[in-house]
Amino acid sequence: MNVLAIESSCDETAVALVRDGRQVLCDCIASQVDVHRVYGGVVPEIASRKHMEAISGLAEEALRQAGLGRGEIDAVAVTCGPGLIGALLVGVNFAKAAALALGVPLVPVHHLRGHIAANYLAYPQLEPPFLCLVVSGGHTMIVDVAGYTEMEILGGTRDDAAGECFDKVARVLGMPYPGGAALDRTAAGAPEGKYPLPVAHVHGNPLDMSFSGLKTAALNCIHNARQRDEALDVPALCADFSRAVSDTLVPRTAAALEQTGRKKLAIAGGVAANSRIRRDFTEVCARLGVELYAPPLKLCGDNGAMIGAQGYYELLAGHTAGPDLNAYATLPLSP
């Protein structure tokens with residue numbers, strides 16, 4: 001079954017063709033990074049306009065790369081939320097028109113379910129049940145994946161997402177957008193322990209997290225050094241900040257593994273590309289006897305292939321939509 005998949009939740013226009021939820025026939029992405037870099041972050045109105053300019057041509061290119069005709073498309077999957085509402089609407093409206101014109105089912109896909117499904121593309125042997133840490137620019141949550149479409153959030157951030165904190169600290173340090181990747185590169189090989197940063201503990205649910213205090217502490221450290229005209233060891237600060245984020249994510253995910261008894265852990269989302277976090281999860285999974293699934297870097301960020309993978313399983317579960325499908329800036333992971 002060939003699924004045409006469309007992703008436009010933020011600043012990447014992505015169209016992919018995925019066969020049977022596991023095989024990527026093509027994955028075309030029109031990046032807007034250079035456009036938004038001058039602003040230090042994504043400008044929603046510009047993102048929406050760029051999606052409109054790119055999406056039709058990108059779909060044609062995807063068909064060409066996959067070597068498929070329109071008649072060989074069996075379904076159209078599209079990210080319907082969460083994300084930037086204007087950006088989402090571009091993808092959703094294009095997908096509705098494509099599904100209608102082709103006479104095939106329209107499959108709405110939750111963006112974060114797509115990130116989880118990126119692991120199916122990287123690891124054909126991976127099947128539910130497993131635990132997944134979804135950590136990105138807008139979301140941080142520990143998800144129990146009981147089935148391909150059966151998921152439960154066990155814990156998550158009470159305030160800022162880990163990726164948002166990475167990007168904000170990087171921007172204040174003067175690093176180019178997207179800042180999380182630049183911060184990770186700067187931290188490589190730097191000594192740790194020079195800048196003690198807090199790791200929050202949240203009352204009520206031991207699996208919940210908080211990053212706002214960590215972000216504030218790092219920003220205060222930067223501002224104080226500048227106000228006093230003191231030298232700031234940027235690589236060391238980046239290393240300590242990365243360690244603090246990892247020291248928040250890893251123990252809680254390990255606790256969720258022990259609580260659920262799951263023996264497989266997947267990580268997903270843009271922050272899953274962070275080298276310190278990947279290294280720490282490799283170590284803790286080896287200690288706990290848990291299989292770790294960490295997708296390649298190209299599947300950590302937003303892409304159409306992950307939407308096609310999850311769209312296939314949503315279609316098998318009968319989760320289709322009609323021409324009244326809408327886009328949603330916020331959307332629960334499970335109904």
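How many bridges join strand β7 (residues 140-145) to β8? There are five of them, and the two strands run antiparallel. Before going further, a word on what you are looking at: this is a predicted model, in which local features need pLDDT of at least 70 and side-chain atom pairs count only at pLDDT 80 or more, while totals for chains, interfaces and linings use all residues. Residues are numbered from 1 along each chain as its sequence is written, and side-chain values use heavy atoms, with hydrogens and water left out.

Back to those two strands. β7 and β8 make a hairpin with five residues between them, and within the pairing Asp 144 sits opposite Glu 152 of β8. Strands here are DSSP runs of E with at least two residues, helices are runs of H or I with at least four, and both are numbered from the N terminus. Two strands pair if DSSP finds at least two bridges between them.

Now turn to the open sheet. Five strands build it, in the order β3-β2-β1-β4-β5, with mixed pairing. β3 (23-31) and β5 are the edge strands with a single partner each, so one side of each has no neighbour in the sheet. From one strand to the next, the twist averages 20°; the axes behind such angles are lines fitted to C-alpha atoms, for helices over the stretch in contact, and angles run from 0 to 180 degrees between N-to-C directions. Inside this sheet, β1 (residues 2-7) and β2 (residues 12-19) run antiparallel and are joined by six bridges. If you want a place to put your finger, Ala 5 has Ala 16 of β2 as its bridge partner. As you trace a strand, keep in mind that in a regular strand the side chains alternate between the two faces of the sheet.

Follow the chain out of β2 and you meet Asp 20, in the loop between β2 and β3. Asp 20 has a positive phi of about 55° although it is not a glycine, and at 34% relative accessibility it is partly exposed. (Buried means under 20% relative accessible area, exposed over 50%, and partly exposed in between, using a 1.4 Å probe and protein chains only.) Asp 229, in the loop between α7 and α8, also breaks with habit: its phi is positive, near 60°, in a residue other than glycine. Asp 229 counts as exposed, at 72%.

Two cis peptide bonds deserve a look as well. One runs from Gly 81 to Pro 82, with omega near -10°, and Pro 82 is in the loop between β4 (75-81) and α3 (85-102). The other goes from Pro 128 to Pro 129, with omega near 10°; you will find Pro 129 in the loop between α4 (111-122) and β6 (130-135).

Next, the charged pairs. The whole structure has 14 salt bridges, a salt bridge being a side-chain nitrogen of Lys or Arg within 4 Å of a carboxyl oxygen of Asp or Glu. Arg 64 pairs with Glu 61, their closest N and O atoms 2.6 Å apart. These two are three residues apart in helix α2 (residues 44-66), which means that about one helical turn separates them. Arg 64 is exposed, at 58%, and Glu 61 is partly exposed, at 25%.

Asp 208 and Arg 158 also meet in a salt bridge, 2.7 Å from N to O. This pair links distant parts of the chain, 50 residues apart: Asp 208 is in the loop between α6 (179-187) and α7 (212-227), Arg 158 in the loop between β8 (151-156) and α5 (162-172). Asp 208 is buried, at 11%, whereas Arg 158 is partly exposed, at 45%. A further salt bridge joins Asp 233 to Lys 194 (3.3 Å, N to O). Asp 233 is in the loop between α7 and α8 (234-260) and Lys 194 in the loop between α6 and α7, so the pair ties together parts 39 residues apart in sequence. Finally, Glu 192, Asp 240, Arg 243, Arg 276 and Asp 280 are linked in a salt-bridge network.
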